[in-house]
Amino acid sequence: MESKAVQSTSRFDALKWLVVFVLIAVGVVGNQYFSAESLLYRVLALVGLGIVAAFVALQTDRGRRFATLLKEARVEIRKVVWPTRPELVQTTLIVVVFVLVVALILWGMDSLISWLVAGFIG
C-alpha cells in the first residue's frame, strides 16, 4: 500500500513539474511574442507566472524539501556570531597588508629572475 502512495505522489509530482516547465516556457515565449508591448506589462506578467510556477513547484516533494532547507538555513544563519566592526576592520587590514607583502615578494623574485635571465641571454 505504501509503494502505491509513493508512486502516485511521484506521478503527480511529475505532472506538477511539467506544469512548472510549461509556465516557464509560456513566460519566455510570451515575452518574445509580446515584445512590442510595454516592458512594465511584460515584467508584471513574468513575475506573476514566476510566482505561480514557484507555488506549484513548492507543492511537490522536492519543493517542500527545498522550503524546509531554506527555513533551516535561516535558523542556522541566526546562530552565526558576526564580527564586530573593530574585528572586521582589523582582519581586513591584516589581509590587505599580507597581500601587499606577498605582492612585493613576488615582484622582487620576478625582477631577480628577469635580471638573471637577461644576464645569461646577453
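# Two salt bridges and a spread-out chain

Student: Where do Arg65 and Asp61 sit relative to each other in helix H3?

Tutor: They are four residues apart in helix H3, which runs over residues 61-79, so about one helical turn separates them. Keep in mind that this is a predicted model.

Student: And what do their side chains do?

Tutor: The side chains of Arg65 and Asp61 meet in a salt bridge, at 3.6 Å from N to O.

Student: Why does a spacing of three or four places suit a helix?

Tutor: An α-helix has 3.6 residues a turn, so residues three or four places apart point the same way. Side chains of opposite charge can then pair when their charged atoms come close.

Student: Is Asp61 buried, exposed or partly exposed?

Tutor: Asp61 is partly exposed, and its relative accessible area is 36%.

Student: OK, how many salt bridges does the count come to?

Tutor: Two. Besides the pair just described, Lys79 and Glu76 join their side chains at 3.3 Å, N to O. Those residues are three apart in helix H3, so again about one helical turn lies between them.

Student: How accessible are Lys79 and Glu76?

Tutor: Lys79 counts as exposed, at 55% relative accessibility. Glu76 is partly exposed, at 45%.

Student: Switching topic. What about Arg42: buried or exposed?

Tutor: Arg42 is buried, yet has no salt bridge. The nearest side chain of opposite charge belongs to Glu37, 7.8 Å away. A salt bridge needs the nitrogen within 4 Å of a carboxyl oxygen.

Student: Where along the chain is Arg42?

Tutor: In helix H2, which covers residues 39-58.

Student: And which residues does Arg42 touch?

Tutor: Leaving out residues up to four places away in sequence, Arg42 touches Asn31, Phe34, Ser35 and Glu37.

Student: Let's zoom out. How many helices and strands does the chain have?

Tutor: Four helices and zero strands. Along the sequence, that reads α-α-α-α. The radius of gyration is 28 Å, well over the 14 Å that the globule rule gives for 122 residues, so the chain is more spread out than a compact globule.

Student: What does the C-alpha trace span?

Tutor: About 80 × 45 × 35 Å along its principal axes.

Student: How much of the chain is buried?

Tutor: Buried residues make up 8% of the 122. The chain exposes about 10800 Å², and carbon and sulfur atoms supply 74% of that area.

Student: Tell me about helix H4. What does it reach from end to end?

Tutor: Helix H4 covers residues 85-121, which is 37 residues. From its first C-alpha to its last, helix H4 reaches 53 Å, close to the 54 Å expected at 1.5 Å a residue.

Student: What follows H4?

Tutor: Gly122 does, and its phi is positive, near 105°.

Student: Last one. Where does Phe120 lie?

Tutor: Phe120 lies in helix H4. At 76% relative accessibility, Phe120 counts as exposed.

Student: And how far is Phe120 from Val28?

Tutor: Their C-alpha atoms are separated by 63 Å, and the two residues are 92 residues apart along the chain.

Technical notes. Residues are numbered from 1 along each chain as its sequence is written. This is a predicted model: local features need pLDDT of at least 70, side-chain atom pairs count only at pLDDT 80 or more; totals for chains, interfaces and linings use all residues. Side-chain values use heavy atoms; hydrogens and water are left out. Helices (H or I, at least four residues) and strands (E, at least two) are DSSP runs, numbered from the N terminus. Buried means under 20% relative accessible area, exposed over 50%, partly exposed in between (1.4 Å probe, protein chains only). Lys and Arg count as positive and Asp and Glu as negative; His and the chain ends are not counted. Contact means heavy atoms within 4.5 Å. The expected span of a helix is 1.5 Å times one less than its number of residues. The radius of gyration is taken over C-alpha atoms; the globule rule is 2.2 Å times the number of residues to the power 0.38. Accessible areas come from the Shrake-Rupley method with a 1.4 Å probe; for residues, only the protein chains shown count as cover.
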